[in-house]
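Subject: Handing over the structure

Hello,

I am passing the structure on to you with this message. Please look through it first, and then read the notes that follow it.

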Number of protein chains: 2
Amino acid sequence: MALEIPEVVIDRLPIYVRALTVLERQGRDVVNSQELGGKLGVTPAQIRKDLSYFGRFGKQGRGYNVKRLLEELHQILGITREWSMVLVGVGQLGRAILGYGGFAPQGFRIVGAFDVDSAAVGERVDGLEVKSIDVLPEEMRQLRAQLGIVAVPAASAQQVIDMLVESGVKAILNYAPIAAHVPPDVRIKDIDPVLALQSMTFYIKESGAAP
Amino acid sequence: MALEIPEVVIDRLPIYVRALTVLERQGRDVVNSQELGGKLGVTPAQIRKDLSYFGRFGKQGRGYNVKRLLEELHQILGITREWSMVLVGVGQLGRAILGYGGFAPQGFRIVGAFDVDSAAVGERVDGLEVKSIDVLPEEMRQLRAQLGIVAVPAASAQQVIDMLVESGVKAILNYAPIAAHVPPDVRIKDIDPVLALQSMTFYIKESGAAP
DNA sequence: GCTACATTGTGCATGCGCGCGCAATCACAG
DNA sequence: CTGTGATTGCGCGCGCATGCACAATGTAGC
């Protein structure tokens with residue numbers, strides 16, 4: 001036990017959580033790996049293998065108890081508690097992130113907003129007062145957020161990320177179009193819609209039609 | 001030749017493009033695989049292997065000509081031309097996408113905006129008239145967009161995706177939190193910040209501190 | 001023009017994730 | 001309490017991506 005769990009496995013768990021949440025809301029009690037896999041485009045064996053890394057949650061002949069499995073996955077992923085996040089960059093993108101309603105229901109709360117540009121500082125956005133990036137370190141001592149969201153231009157992104165890391169942030173959601181460098185104990189995930197588009201055009205570039 | 005190229009390789013190419021674009025803007029003429037790999041967190045061998053799928057773009061003893069390699073990658077990915085996209089869902093998220101300035105510089109242009117909710121129909125957002133989802137099929141005959149962006153609630157996402165596919169869209173950027181089903185000849189990429197956060201919390205859940 | 005050096009391109013081995021296939025196991029019916 | 005049917009958990013092999021190591025090759029200096 002306690003063996004190394006592949007990162008791809010961890011990346012799939014939230015997908016399972018999402019599907020199970022829907023099933024729970026529908027009042028379903030049990031689900032088997034085949035049905036769950038069908039919904040997610042994952043093979044049943046894959047799901048069973050993934051879950052077996054953490055324990056035996058299923059019952060032979062029946063499947064998985066939806067509520068039970070959901071609780072286990074929440075425990076595994078560490079999403080039983082609320083997580084505080086700080087946002088850096090309150091431009092157009094940053095404001096959209098602040099207004100996005102998808103975080104709160106999943107227990108992710110933005111508790112601080114910062115900006116490099118002094119023009120935005122002092123403004124109130126979605127109930128949060130925008131503060132200068134300069135006071136980030138001291139503010140972080142009170143906020144104690146372990147998650148950071150970066151929504152600044154590419155040019156200042158690495159610098160901002162360095163500051164977040166120094167302030168104790170352990171995981172970063174990066175919307176800036178750069179490949180950032182972070183210490184090995186800090187997690188970072190990039191969100192860049194342009195990269196997604198550019199990799200898809202490779203596959204469809206032959207299929208005619210004018211722009 | 002003409003062998004199957006792994007999807008992971010295709011997914012890395014846009015990252016190379018992004019880094020090379022920065023180098024070109026800095027006036028750099030040549031770059032070797034070691035330096036490029038250092039910037040991107042990729043091993044030099046990985047980069048050389050990836051590029052070797054498509055040809056021999058480097059010069060031994062020197063490295064890669066930045067401009068030349070950039071042109072080749074543009075050609076490979078099919079991003080020499082402009083790509084038209086249609087957006088479905090003009091809520092808070094959809095408006096942010098319409099206003100996002102990161103697409104245009106890379107040749108991705110939103111040419112149509114649609115919504116399920118009739119309240120938004122008729123409104124002008126960022127120079128585009130929002131139209132009803134019902135007229136999507138006929139509008140698409142003129143727009144001829146091959147890319148679609150989905151920014152509707154989870155409940156109606158699959159339905160919207162089906163309509164896009166029927167209207168001839170070949171690749172979809174999906175912001176809705178669902179695992180959508182599409183025919184094998186249609187590409188789809190999901191963007192869900194919540195999934196990214198939930199997989200990162202797994203790794204940092206032990207490191208104390210209150211929410 | 002020749003030599004020394006640097007870097008690419010690639011055959012090859014390693015490791016790892018994925019999925020098959022089956023035995024173990026549980027529910028349920030009779 | 002026993003038999004039947006279904007589904008999990010998992011050992012195992014396959015296939016593929018990754019990275020090493022070296023030969024091939026181009027550059028630059030003298």
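Two strands are said to pair if DSSP finds at least two bridges between them, and the elements themselves are DSSP runs numbered from the N terminus, helices being H or I runs of at least four residues and strands E runs of at least two. With that in mind, A:V31 stands opposite A:Y64 in β3(A), and the strands β1(A) and β3 (residues 63–65) of chain A are joined by 2 bridges and run antiparallel.

Before going further, please keep in mind that this is a predicted model, in which local features need pLDDT of at least 70 and side-chain atom pairs count only at pLDDT 80 or more, while totals for chains, interfaces and linings use all residues. Residues are numbered from 1 along each chain as its sequence is written, chains are lettered from A and ligands numbered from 1 in the order in which they are written, and side-chain values use heavy atoms, with hydrogens and water left out.

The sheets of chain A

The strands just mentioned belong to an open sheet of 3 strands in chain A, with the order β1-β3-β2 and antiparallel pairing. β1 (30–31) and β2 (58–59) of chain A are at its edges with a single partner strand each, so one side of each is left without a neighbour in the sheet.

Chain A also has an open sheet of 7 strands, ordered β6-β7-β5-β4-β8-β9-β10, in which the pairing is mixed. Its edge strands, each pairing on one side only, are β6 (124–125) and β10 of chain A. Within this sheet, β4(A) and β5 (residues 108–115) of chain A run parallel and are joined by 6 bridges, and A:L87 stands opposite A:A113 in β5(A).

Where the two chains meet

Contact, meaning heavy atoms within 4.5 Å, links 65 residues of chain A with 65 residues of chain B. The buried area, which is the accessible area (1.4 Å probe) that two parts lose on being put together, summed over both, is about 5,800 Å² between chain A and chain B, and carbon and sulfur atoms give 68% of it. For salt bridges (a side-chain nitrogen of Lys or Arg within 4 Å of a carboxyl oxygen of Asp or Glu), the rule finds 2 across this interface. One salt bridge is between the side chains of B:R18 and A:D192, at 2.8 Å from N to O. On the side of chain A that touches chain B, the largest share, 12 residues, comes from α8(A).

The surface near DNA strand C

A residue counts as near the strand if one of its heavy atoms lies within 4 Å of it. There are 24 residues around DNA strand C, of which A:K49, A:Q60, B:S33, B:G58 and B:Y64 come nearest. α3(A) gives the most to this surface, with 4 residues. Of the atoms of DNA strand C within 4 Å of the protein, 67% belong to sugar or phosphate, and the rest to bases.

Phosphate oxygens of DNA strand C also lie at short listed distances from particular residues: 3.0 Å from a side-chain N or O atom of A:Q46, 3.5 Å from a polar side-chain atom of B:N32, and 3.1 Å from a polar backbone atom of B:F57.

With best regards

Methods. Polar contact = N/O pair within 3.5 Å; in protein donor to acceptor, adjacent residues only side chain to side chain.
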